[in-house]
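Here are a few short exercises to work through with the model open beside you. Take each one at your own pace, then compare notes with the solution.

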Amino acid sequence: HKYGFGCILSNDSVCVNFNDGSRMILEEDLHHISYYEAREELTKTPANHDCFTLGTYPPELSKKVQLM
């Protein structure tokens with residue numbers, strides 16, 4: 001896959017797992033985004049998690065939001 005893998009979840013949220021190891025979920029309201037940074041597989045620390053809306057995400061995530 002060129003950018004990663006996307007799917008629609010049973011609660012109508014859209015999830016994309018990007019090739020860089022990060023993932024993004026567009027919640028079922030189609031307005032709120034949860035973004036999980038990539039983490040090294042061998043660590044047991046959880047990935048950093050941030051929440052945004054479609055109007056307030058940081059500019060560095062714009063390509064990923066557009067792909068979603």
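**Exercise 1: Around Ser34**

In this predicted model, Ser34 touches Arg23, Met24, Ile25, Glu27, His49, Asp50 and Cys51, leaving aside residues up to four places away in sequence. Task: describe the setting of Ser34, and decide whether Ser34 is buried or exposed.

Solution. Start with the secondary structure: Ser34 belongs to strand E4, which covers residues 32-36. Next, take the accessibility: the relative accessible area of Ser34 is 7%, under the 20% limit, so Ser34 is buried. Then look at the side chain, which makes a polar contact of 3.0 Å with the side chain of Glu27. Finally, try a distance: Ser34 and Glu60 are 26 residues apart in sequence, and their C-alpha atoms lie 15 Å apart.

**Exercise 2: The cysteines**

Task: find how many disulfides the model has, and explain the result for Cys15 and Cys51.

Solution. A disulfide needs two cysteine sulfur atoms within 2.5 Å. For Cys15, the closest cysteine sulfur is in Cys7, at 4.9 Å, so this pair is too far apart for a bond. For Cys51, the closest is in Cys15, at 14 Å, again too far. The count is 0 disulfides. As for surroundings, Cys15 is buried at 8% relative accessibility, whereas Cys51 is exposed at 54%.

**Exercise 3: Charges and rings**

Task: which rings have Arg23 and Lys64 over them?

Solution. Arg23 lies over the face of Tyr36, 4.2 Å from the ring centre. The charged end of Lys64 sits over the ring of Phe18, at 5.1 Å from its centre. Aromatic pairs, by contrast, number 0.

Definitions and conventions. Residues are numbered from 1 along each chain as its sequence is written. This is a predicted model: local features need pLDDT of at least 70, side-chain atom pairs count only at pLDDT 80 or more; totals for chains, interfaces and linings use all residues. Side-chain values use heavy atoms; hydrogens and water are left out. Rings of Phe, Tyr and Trp (its six-membered ring) pair if their centres lie within 6.5 Å; planes under 30 degrees apart count as stacked, over 60 as edge-to-face and the rest as tilted. A charge sits over a ring if NZ of Lys or CZ of Arg is within 6 Å of the ring centre and within 35 degrees of the ring normal. Buried means under 20% relative accessible area, exposed over 50%, partly exposed in between (1.4 Å probe, protein chains only). Helices (H or I, at least four residues) and strands (E, at least two) are DSSP runs, numbered from the N terminus. Contact means heavy atoms within 4.5 Å. A polar contact is a pair of N or O atoms within 3.5 Å; within protein, one must be able to donate a hydrogen and the other to accept it, and residues adjacent in sequence count only if both atoms are side-chain atoms.
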